[in-house]
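Please open the model in your viewer and keep the sequence panel beside it, since each stop on this tour begins with a selection.

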Amino acid sequence: MHQLEPIVAFMRVAELGSYTRAAEALNLSRTRVSRLVMALEETLGVRLIQRTTRRLHLTAEGERYLAHAQTIVQALDEAAADVGSGVSEMRGRLRINGPMSFGVGHLSPLVASFMAQHPGLDVRLDLNDRRVDLLEEGYDVAIRIGSLPDSSLVARRLTRCRMLFCASPGYLAKHGVPADIEALKQHQCLHYRNGPAPGDWRFGNTTLSTHGPLESNNGDVLTHVAEAGLGIAHQPSFLVTESIIEGRLIPVLTELAPKILDIHALYPARRFLPAKVERFIDHLAAAWGDPPYWERDMGLSPITQQ
């Protein structure tokens with residue numbers, strides 16, 4: 001028995017949801033496919049697939065093993081194509097995770113352009129603001145903004161962006177422009193909620209407690225409410241660039257050193273990084289630039305090296 005044969009049989013059953021369809025795809029008998037999967041389960045010492053009279057579904061262990069198996073088999077396919085033909089065309093699935101608002105505005109257009117360059121790719125792009133487990137959930141690469149937790153993942157910084165205080169012209173005309181950080185305590189402040197409670201605004205070692213009429217777990221909501229004249233928001237530049245350029249928001253306290261957010265690509269540590277992942281990351285870094293393109297027309301001073 002070839003070492004990969006049980007793994008491929010399991011993958012096909014999991015992907016097609018049927019032993020019969022997997023057998024047809026592999027040009028094997030249904031009995032053979034079933035025996036291969038059972039042999040793999042016996043070798044691993046765990047149940048990968050729960051079988052009932054009506055349907056089958058993966059166990060938690062089966063879900064995790066499938067993610068690892070897909071990565072391994074795809075890497076072998078890429079290696080065979082590269083060594084065997086010398087062709088650089090990339091094929092197979094590329095699984096990407098990113099934050100919601102940034103993903104819609106600045107990641108998804110680059111995913112589209114990368115797909116146009118490499119039509120052999122089958123891309124899965126998931127956008128959400130939770131911290132996914134790349135290994136457990138089978139992602140090839142994730143885009144992260146801000147501080148990173150310690151992990152076994154590899155992180156490559158792609159660019160940086162600054163946090164900006166901003167408010168509408170109408171709000172500033174009515175309430176005045178804050179002269180310093182402490183003055184924000186006298187203003188209506190719009191808070192981003194990421195967790196059970198909204199975080200205070202932090203500047204280096206200083207924490208500033210402010211109040212305001214809104215807290216939300218979505219940055220686009222804060223931008224819209226700030227444009228409506230209801231308070232001051234503290235937003236990543238990529239969320240407010242268009243609003244500032246078009247005059248709907250005005251940055252304030254720009255003389256202060258801004259809080260800087262690093263934007264990273266995270267991927268599992270591997271001896272040989274798949275070409276599709278490496279080239280996709282290069283594609284993002286080249287397109288965003290440092291400073292990023294969305295900050296270049298805003299008339300702000302360059303970010304000092306950190």
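Begin by selecting Met163, which sits in strand β6 of what is, throughout this tour, a predicted model. Is Met163 buried or exposed? With a relative accessible area of 13%, Met163 falls under the 20% limit and is therefore buried. If you now display what surrounds this side chain, leaving aside neighbours within four places in sequence, you will find Met163 in contact with His234, Gln235, Pro236, Pro258, Lys259 and Leu261. Add Val240 to the selection and draw a C-alpha to C-alpha distance from Met163, which comes to 9.8 Å although the two residues are 77 apart in sequence.

Stay on the strand and move to Leu164, which is likewise found in β6, a strand that spans residues 154–167. Leu164 has a relative accessible area of 6% and is buried. For a second distance, select Ile260 as the partner: Leu164 and Ile260 are separated by 96 residues in sequence, and their C-alpha atoms are 9.6 Å apart in space.

The last stop on this strand is Arg157, also in β6. Here the relative accessibility is 36%, so Arg157 counts as partly exposed. Select Ile281 as well, and the C-alpha atoms of Arg157 and Ile281 will be found 9.9 Å apart, with their positions 124 residues apart along the chain.

Before leaving for other regions, zoom out to the whole protein, which has 10 helices and 13 strands. Buried residues account for 42% of its 306 residues. How much of the contact set joins residues at least 24 apart? Among contacts between residues at least 6 apart in sequence, the share is 70%. If you switch on a surface, the exposed area of the protein is about 16,300 Å², of which carbon and sulfur atoms supply 51%.

Next, go to the N-terminal helices and select α1, residues 5–16, together with α2, residues 19–26, whose axes come within 8 Å and cross at roughly 125 degrees. At that angle α1 and α2 are oblique to each other, and their crossing is right-handed. To see what fills this contact, show the side chains of Val8, Ala9, Arg12, Val13 and Leu16 in α1, which meet Tyr19, Arg21, Ala22, Ala25 and Leu26 in α2. By class, these residues comprise 8 nonpolar and 2 charged, with no polar ones.

Keep α1 selected and replace α2 with α3, residues 30–44, which packs against α1 at an angle of about 110 degrees with the axes 8 Å apart. These two helices, α1 and α3, are therefore roughly perpendicular to each other, and the crossing is left-handed. On the α1 side, display Glu5, Pro6, Ile7, Ala9, Phe10 and Val13, and opposite them Arg32, Val33, Leu36, Val37 and Leu40 in α3. The residues of this contact divide into 9 nonpolar, no polar and 2 charged.

Between the second and third of these helices, select Asn27, in the loop that joins α2 to α3. Asn27 is not a glycine, yet its phi is positive, at about 60 degrees. Its relative accessible area of 70% makes Asn27 exposed.

For a second residue with positive phi, select Leu253, which is not a glycine either and has a phi of about 55 degrees. Leu253 is located in the loop between β12 (250–252) and β13 (260–267). Is Leu253 buried or exposed? Leu253 is buried, with a relative accessible area of 7%.

Now select His187, which lies in the loop between α7 (169–175) and β7 (188–192). At 6% relative accessibility, His187 counts as buried. Setting aside neighbours within four places in sequence, show the residues in contact with His187, which are Tyr171, His175, Gly176, Pro178, His211 and Ile232.

Finish in the segment after α10 (275–288), where Pro291 is located. Select Asp290 together with Pro291 and inspect the peptide bond that links them, which is cis, with omega near 10 degrees.

Methods. Residues numbered from 1 in each chain as written. Predicted model: local features only at pLDDT ≥ 70, side-chain atom pairs only at ≥ 80, totals over all residues. Heavy atoms only, no water. Helix = DSSP H or I, 4+ residues; strand = E, 2+ residues; numbered from the N terminus. Buried < 20%, exposed > 50% of the residue type's maximum accessible area, 1.4 Å probe, protein only. Contact = heavy atoms within 4.5 Å. Areas by Shrake-Rupley, 256 points an atom, 1.4 Å probe, with all protein chains shown as cover. Axes fitted to C-alpha atoms, helices over the stretch in contact; angles between N-to-C directions. Parallel < 35°, antiparallel > 145°, perpendicular 65-115°, else oblique. Left-handed = near helix turned anticlockwise from the far one by under 90°. Nonpolar A, V, L, I, M, F, W, Y, C, P; charged D, E, K, R; others polar.
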